Amino acid sequence: MLKLVLKFLFLVGALSLFGCGQDESAADKAPFSLEITDAPVDGATKVVIEFTGVEIQSQSNGRSVYEYAEPRSIDLLSESLAGNRISLLQGELGIGAYSWLRLMVNARLDGIFDSYIELADGSRYELAIPEDNLDGLKIDREFLVSTGQPKGFLIDLDLRRSIIENNRQFKLKPVLKTVDLNSVRSLTVNVAPELLAANCDDSGQYAGAIYMFAGAHAVLDDIDGDDKDPVATAVLSSAANPENGMYKAVIWNPDNGAYRLAYSCNPKDNPELNDQGFSFAEQTVTVVVVNDDGDKTATLDASATPL
């Protein structure tokens with residue numbers, strides 16, 4: 001089994017901890033870390049989000065705010081296509097139970113372009129979070145920090161579902177999934193170049209995406225908000241792997257079960273609409289995910305099962 005070699009981009013920098021009601025000694029704390037990855041969005045060359053820190057709510061001992069010394073602009077699209085997991089926080093957290101955490105960001109329609117999306121034609125637009133969530137990207141996740149046991153999460157931000165466009169205004173309505181760092185695993189999907197040649201108008205501009213559907217015989221559908229939607233998607237790398245000639249997509253942390261993987265080179269998939277004329281390649285492949293298997297690899301080529 002081919003093991004995916006993960007590259008880590010550690011963007012730790014200087015952090016300041018402002019304790020809100022917390023006064024623990026070193027013995028009352030444990031190492032805590034956060035990383036982020038994402039499923040890229042179609043038709044974009046950059047998706048930049050400016051992070052300012054992390055906020056974590058204790059169930060009994062107030063709130064901890066880890067604020068960066070300087071705002072941190074991260075191009076999530078380029079990092080995810082490179083296979084990187086980005087470190088947002090490495091620090092310590094008090095022993096006890098916690099209710100939620102929040103990624104603090106600058107993302108408003110204010111003409112500053114601290115968070116923005118850049119499209120394939122070079123145009124750039126501000127990326128704004130909804131008015132009722134201006135204080136950041138909140139993740140409701142209860143967890144326990146125990147003495148002597150490092151704790152951390154990988155946050156999977158699905159940009160393809162999270163970015164909503166309406167008349168060239170782009171909103172970030174975050175679709176997030178968190179996984180304990182001790183349980184992180186990946187599914188790497190290799191796609192043969194002949195599938196790109198048969199399905200893409202210009203694979204140099206857009207190499208297509210993998211759609212992952214629950215069930216070995218699932219009905220294929222675009223993302224439109226109904227119960228047939230894929231459970232995950234991942235955009236292919238823009239260049240072939242020189243070792244095997246394949247184009248790669250990575251899906252993080254799939255749940256246990258059987259899945260049908262399909263490939264599409266349609267660059268526009270509005271997550272709120274049923275896109276007319278949306279099509280998939282004729283080939284699909286089935287993969288079964290089991291926790292104990294660790295990282296997995298699947299291949300889509302001309303020999304895969306026809307639709």
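Start by selecting T188 and T297: T297, in β21, is the bridge partner of T188. Bear in mind as you look around that this is a predicted model.

**Stop 1: the strands around this bridge**

Widen the selection to residues 186-191, which make up strand β15, and add β21; the two pair in the parallel sense over five bridges. Another of the bridge partners to pick out is A298 of β21, matched with V189.

Now show the side chains of β21, residues 296-300. Which of them are buried? K296, A298 and L300 are, and they point to one face. T297 and T299 point to the other face and are not buried.

Zoom out next to see the open sheet of three strands, ordered β18-β15-β21, where the pairing is mixed. Why is one side of β18 and of β21 left without a neighbour in the sheet? Both β18 (247-252) and β21 stand at the edges and have a single partner strand each, so one side of each stays free of a neighbour there. If you look along the sheet, neighbouring strands are turned by 20 degrees against each other on average, direction ignored.

**Stop 2: the five-stranded sheet**

Move on to another open sheet, this one of five strands, in the order β17-β16-β19-β20-β22 with antiparallel pairing. Select 232-235 for β17 and 305-306 for β22: these are the edge strands, each with a single partner, so each has one side without a neighbour in the sheet.

At the β22 end, add strand β20, residues 283-289; β20 and β22 pair in the antiparallel sense over two bridges. Click Q283 and you will find P306 of β22 standing opposite.

**Stop 3: aromatic rings**

Time to colour the aromatic residues: the structure holds 10 aromatic pairs. Begin with F143 and F153, whose ring centres are 5.1 Å apart with planes at 70 degrees, so this pair is edge-to-face. The pair links distant parts of the chain, with F143 in strand β10 (residues 137-145) and F153 in strand β11 (residues 151-158), 10 residues apart. Are these two residues buried or exposed? F143 and F153 are both buried.

Add F32 and Y98 to the selection, and together with F143 and F153 you have one aromatic cluster.

Then jump to F278 and F280, both buried. Their ring centres lie 5.3 Å apart and the planes are at 70 degrees, so here too the pair is edge-to-face.

**Last stop: a charge over a ring**

Finish by selecting Y68 and R72. What lies over the face of Y68? R72 does, at 3.8 Å from the ring centre.

Technical notes: Residues are numbered from 1 along each chain as its sequence is written. This is a predicted model: local features need pLDDT of at least 70, side-chain atom pairs count only at pLDDT 80 or more; totals for chains, interfaces and linings use all residues. Side-chain values use heavy atoms; hydrogens and water are left out. Buried means under 20% relative accessible area, exposed over 50%, partly exposed in between (1.4 Å probe, protein chains only). Helices (H or I, at least four residues) and strands (E, at least two) are DSSP runs, numbered from the N terminus. Two strands pair if DSSP finds at least two bridges between them. Axes are lines fitted to C-alpha atoms, for helices over the stretch in contact, and angles run from 0 to 180 degrees between N-to-C directions. Rings of Phe, Tyr and Trp (its six-membered ring) pair if their centres lie within 6.5 Å; planes under 30 degrees apart count as stacked, over 60 as edge-to-face and the rest as tilted. A charge sits over a ring if NZ of Lys or CZ of Arg is within 6 Å of the ring centre and within 35 degrees of the ring normal.
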